[in-house]
2 protein chains.
Amino acid sequence: MKRLSPSLEDYLEAAYTLGLKDGFPRACAISRRLKVSKPSVNSAVKALAARGLLEHEKYGYIRLSPAGLRAGAEISGRHLLLKDFFIAVLGMDGAEAERDACRAEHALSSGALRRLGELAVFLKAPPRRRLLRAARAAMSGKKAV
Amino acid sequence: MKRLSPSLEDYLEAAYTLGLKDGFPRACAISRRLKVSKPSVNSAVKALAARGLLEHEKYGYIRLSPAGLRAGAEISGRHLLLKDFFIAVLGMDGAEAERDACRAEHALSSGALRRLGELAVFLKAPPRRRLLRAARAAMSGKKAV
DNA sequence: TAATAAAGTTAGTGTAGACTAACTATAGCA
DNA sequence: TGCTATAGTTAGTCTACACTAACTTTATTA
């Protein structure tokens with residue numbers, strides 16, 4: 001499967017998160033959320049359908065396929081991880097964090113994201129436990145991020 | 001001044017860093033560094049010249065303007081900051097860090113980058129000083145990142 | 001059930017940014 | 001001084017991804 005463009009990732013992510021809320025994502029809801037025109041949604045949906053990430057009957061439902069659900073969850077997860085990092089670790093405000101997460105979610109490798117998540121967990125842990133964990137990591141020879 | 005696209009930022013950054021090394025950046029050096037064709041460089045250079053970021057006489061020199069130097073230094077700084085963060089804080093290897101920095105440098109706000117840099121400084125400081133600094137920050141009422 | 005509002009589609013346009021092919025200019029050297 | 005390699009340019013093409021205008025379908029409701 002060829003890598004999705006940032007733009008298609010945005011559409012798929014929107015479809016996924018809207019689907020979680022309302023059962024089935026509507027094209028016009030995606031249009032409103034991403035602030036793009038309906039024809040833009042239409043062609044993006046076609047492109048996603050062509051890759052087997054969703055099904056789309058004319059004038060009808062948009063339904064994410066299993067692969068689409070997986071990919072959507074993955075992208076949405078990246079977004080949430082980054083937003084949490086920006087707020088909880090960097091102390092950014094919600095709107096700023098949201099904006100940066102939207103853009104950075106397409107730019108970072110999975111390795112960087114994983115490490116970022118681990119760093120957030122480490123820094124958010126209460127001092128005692130943090131120390132304990134670092135000590136244990138040191139003992140086991142694992143690098144304590 | 002309208003915001004540069006990621007693509008134009010890449011060209012300007014390349015021109016800036018090549019200029020640091022060789023005096024004046026050559027178009028074909030940019031072409032090699034970014035692995036794009038010469039015509040791509042040519043049109044990007046025109047676009048940057050149109051914004052007053054560099055001067056470009058036909059078949060001749062590319063010379064960054066003061067504004068171009070400033071912008072180039074800023075972009076290059078973002079890149080270095082991110083790469084350092086990825087290596088020194090996240091423990092990524094050089095090549096991976098380089099790749100991620102290339103892409104993330106266009107995505108993060110200046111606020112996020114500043115905080116990321118401060119976090120790196122904080123985490124890299126030796127424990128004693130780190131503690132001291134946190135304590136002082138606490139005493140002065142400033143948030144200790 | 002017919003009118004209307006909302007949703008979705010089609011067709012056509014524009015811009016950014018990449019490419020190749022083919023040309024022109026400049027520089028280095030025999 | 002002229003040949004050749006390298007650098008730079010022009011013209012034309014392609015893809016992605018936005019848009020508007022105008023149309024069709026579906027849903028709502030008087």
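## Backbone contacts with DNA strand D

A polar backbone atom of C28(B) lies 2.8 Å from a phosphate oxygen of DNA strand D, a polar contact in the sense of a pair of N or O atoms within 3.5 Å (within protein, one must be able to donate a hydrogen and the other to accept it, and residues adjacent in sequence count only if both atoms are side-chain atoms). For A27(B), a polar backbone atom is 3.4 Å from a phosphate oxygen of DNA strand D, while in S40(A) an N or O atom of the side chain is 2.6 Å from a phosphate oxygen of this strand.

This is a predicted model, in which local features need pLDDT of at least 70 and side-chain atom pairs count only at pLDDT 80 or more, whereas totals for chains, interfaces and linings use all residues; side-chain values use heavy atoms, with hydrogens and water left out. Residues are numbered from 1 along each chain as its sequence is written, and chains are lettered from A and ligands numbered from 1 in the order in which they are written.

## The surface around the strand

DNA strand D is surrounded by 20 residues, and the closest are S5(A), S40(A), R26(B), K38(B) and N42(B); a residue is near the strand if one of its heavy atoms lies within 4 Å of it. Of the atoms of DNA strand D that come within 4 Å of the protein, 73% belong to sugar and phosphate.

With four residues, α3(B) gives the most to the surface near DNA strand D, where helices are DSSP runs (H or I, at least four residues) numbered from the N terminus.

## Two copies and their axis

A turn of 180° and a shift of 0.0 Å along the axis lay chain A on chain B with an RMSD of 0.1 Å, the copies being superposed by least squares on the C-alpha atoms of residues with pLDDT of at least 70 in both. The two copies are thus related as by a two-fold rotation axis. The residue of chain A that comes closest to the rotation axis is A104(A), at 3.1 Å (C-alpha).

## Where the chains meet

The contact (heavy atoms within 4.5 Å) takes 23 residues from chain A and 23 residues from chain B. Between chain A and chain B, an area of about 1800 Å² is buried, with carbon and sulfur atoms giving 59% of it; buried area is the accessible area (1.4 Å probe) that two parts lose on being put together, summed over both.

Across this interface of chain A and chain B, eight residue pairs are in polar contact, both residues being at pLDDT 80 or more. On the side of chain A that touches chain B, the largest share, six residues, comes from α6(A).

Key:
Helix = DSSP H or I, 4+ residues; strand = E, 2+ residues; numbered from the N terminus.
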